Amino acid sequence: MEEYDVIVIGAGYGGVTTGALCAKAGKRVLLLDKTNQAGGKAQTIQRNGYAYEMWPVLSLPADDSRFHELVAELGVEDEAPLIVPEGDNAIELKYRDDKGDWRSYIGPSKQAEDPLAVEGLESTFGVDSDGVEKMMALVGEVFGMSEEDLDTHDDTGMLGWMHSFDVPDPVIAYMSAILNLVFVAPVDRIPVSEGVRTLRQLFLGGGGRYHAGGYGRPAEAAARYIEEHGGTFLPKTRVERVLVEDGRAVGVATSAGEFRAPVVVSNAGIQPTVLSLVGDDHFSDDYVKRVETLEPGLGMVGVRYFLDEPVLDTGMIVAFSNESWWDTERYEAAQRGEWPDVPLIFAAVTTSYDTSLAPDGHQIILVGILGSPDPESELNDEAIERAEKAIDAMWPEIRKHTIRREPYTAKHVSNMCRDSAVPGQGGECIGLSQVIGQCGGSKPDARTPLPGLYLVGTDAGGYGCGTHQAVDSGFNVAAMVLADHEEARV
Ligand SMILES: Cc1cc2nc3c(=O)[nH]c(=O)nc-3n(C[C@H](O)[C@H](O)[C@H](O)COP(=O)(O)OP(=O)(O)OC[C@H]3O[C@@H](n4cnc5c(N)ncnc54)[C@H](O)[C@@H]3O)c2cc1C
């Protein structure tokens, strides 16, 4: 049986970050993933002459991110160049007003650096100067709150907090649409502590980073780094069980045999790890109950369009009305079949970042819409149907030039990356929901109660938006594992 210092289950952005940083520190690392390659939910696949992700994945912050730190730490900047969008047409906000007219704001990735942003937002949302003043007061507070003050807001919801500034409905719609897409959670339950910190990253660093060659390239480079530094990466290898001896994790049983290490880091999700890979008999009843009742984030479902000529000009598009964003009440209404006039639509036009992803002149458009994390939910098919109606009305040219169309739902997300260990869970867009009771001081600890077993990725150890949270967690968990190793606590 082969021995390692650290075994990492899962090569998502959390797993590869921790694995590569441990390898850099001289540890012998085994990285395992059941899929064909590194990148997890954000991996880039090659098929039919196109390189693409299974769904829209763009990153926030675009600049000065944990991804920049990762590629610099590993010295792989050239292998995996990060594309921070430049120019005045990086993002488009499409807002459908109460009369049913679509209005557009097209601007740079960093709105804070756009001298015309206020004017643009004013005219797009039809907000008067009083409304703009209130919005600026809200933005001022996003920047003004101290870290200590933010720490006291783990239990304050973003929606109520935004309403306390008395901003007009279109501003609530705009901010809520952004928060829905960043956290894929109901706006009323996103805590101010996490929401404000992440909005700050968005306002300062901009949104919409992509990576040359595909979003998953830095993950592939990190997996290669592990192999080049004494470790092993085994794709297409499912971990079936975490081995436990004398009350501690000592290795894994996989489809390719057993491997041992004093540290096992799981990127497979807290519920699949604790309830399936380890088993509830190794944890206290209280811990098992807490894990079983943790809430999954919402799902994101949608369609991949492959076009024989470019139709859209911007790299990232968000389309919404005052009704599109979801708080708890609206999500429940959608589950009852009561839908908004237009669902919140997110589109990543990846060929706008890198034309080499597709045959000459072709365009890839990856569309996402809020949905349920339940792989069996019927709401998800309806979300796609309604979004496509809106897309056909907004951009009829897309259908005319579509040579392939691939819908995806929460079932595909779960099948690819996250086992469903609890009914209704598995197809979450991000991971564990970033809601009150599961963030800040209440976020699950990356050190599990089972000595030697750690969690990494979007469920523990980091904060922020999607993949950025996973990389943040990867850095923090690597530091934790190395410090524990140093202190011989593991
Ligand atoms: C539709 C959609 C749109 C998204 N859009 C964005 C976006 O625009 N921006 C953004 O930042 N994020 C986005 N995300 C979220 C982002 O992709 C994830 O939050 C992030 O990639 C999660 O990283 P992770 O490291 O926590 O885990 P994951 O990426 O989930 O990786 C976990 C890995 O573990 C592997 N694994 C699981 N179980 C086992 C096992 N038993 N044995 C071996 N391997 C196993 C899986 O195969 C997987 O590779 C989107 C996600 C979806 C689904």
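**Notebook: domains, ligand shell, sheet**

I started with the domains: the centres of domain 1 and domain 2, taken over C-alpha atoms, are 31 Å apart. This is a predicted model, so I keep in mind that local features need pLDDT of at least 70, side-chain atom pairs count only at pLDDT 80 or more, and totals for chains, interfaces and linings use all residues. Residues are numbered from 1 along each chain as its sequence is written.

The assignment splits the protein chain into domain 1 (2–82 + 213–294 + 433–486), domain 2 (112–205) and domain 3 (298–415); such bounds come from an automatic or database domain assignment. I looked up the contact between the first two: 17 residues of domain 1 meet 18 residues of domain 2, where contact puts C-beta atoms, placed from the backbone, within 7 Å. On the domain 1 side I get 8 nonpolar, 7 polar and 2 charged residues. Here Ala, Val, Leu, Ile, Met, Phe, Trp, Tyr, Cys and Pro count as nonpolar, Asp, Glu, Lys and Arg as charged, and the others, Gly among them, as polar.

Next, the ligand. Of the 39 residues around the ligand, Gly10, Gly12, Gly40, Gly457 and Gly466 come nearest (near: C-beta, placed from the backbone, within 6 Å). Helices H1 (13–24), H15 (410–417) and H16 (466–486) each give two or more residues to this shell, and H16 gives the most, with 4. Helices (H or I, at least four residues) and strands (E, at least two) are DSSP runs, numbered from the N terminus. By class I note 18 nonpolar, 15 polar and 6 charged residues in the shell. Domain 1 and domain 3 each supply at least three of the shell residues.

Then the open sheet: 7 strands, order S8-S7-S16-S17-S18-S15-S19, mixed pairing (a pair needs at least two DSSP bridges). S8 (102–107) and S19 (402–408) are the edges, each pairing on one side only. Neighbouring strands are turned by 15° on average, direction ignored; axes are lines fitted to C-alpha atoms, for helices over the stretch in contact, and angles run from 0 to 180 degrees between N-to-C directions.

Inside the sheet, S7 (91–96) runs parallel to S16 (316–321), with 6 bridges, and I find Arg96 opposite Ser321. Helix H3 (117–125) lies across S7 and S8, at about 165° to S8.

Last, a hairpin: S11 (239–245) and S12 (248–254) are antiparallel, joined by 6 bridges. Val244 faces Ala249 across the pair. The hairpin has 2 residues between its strands, and Asp246 in the turn has a positive phi of about 50°.
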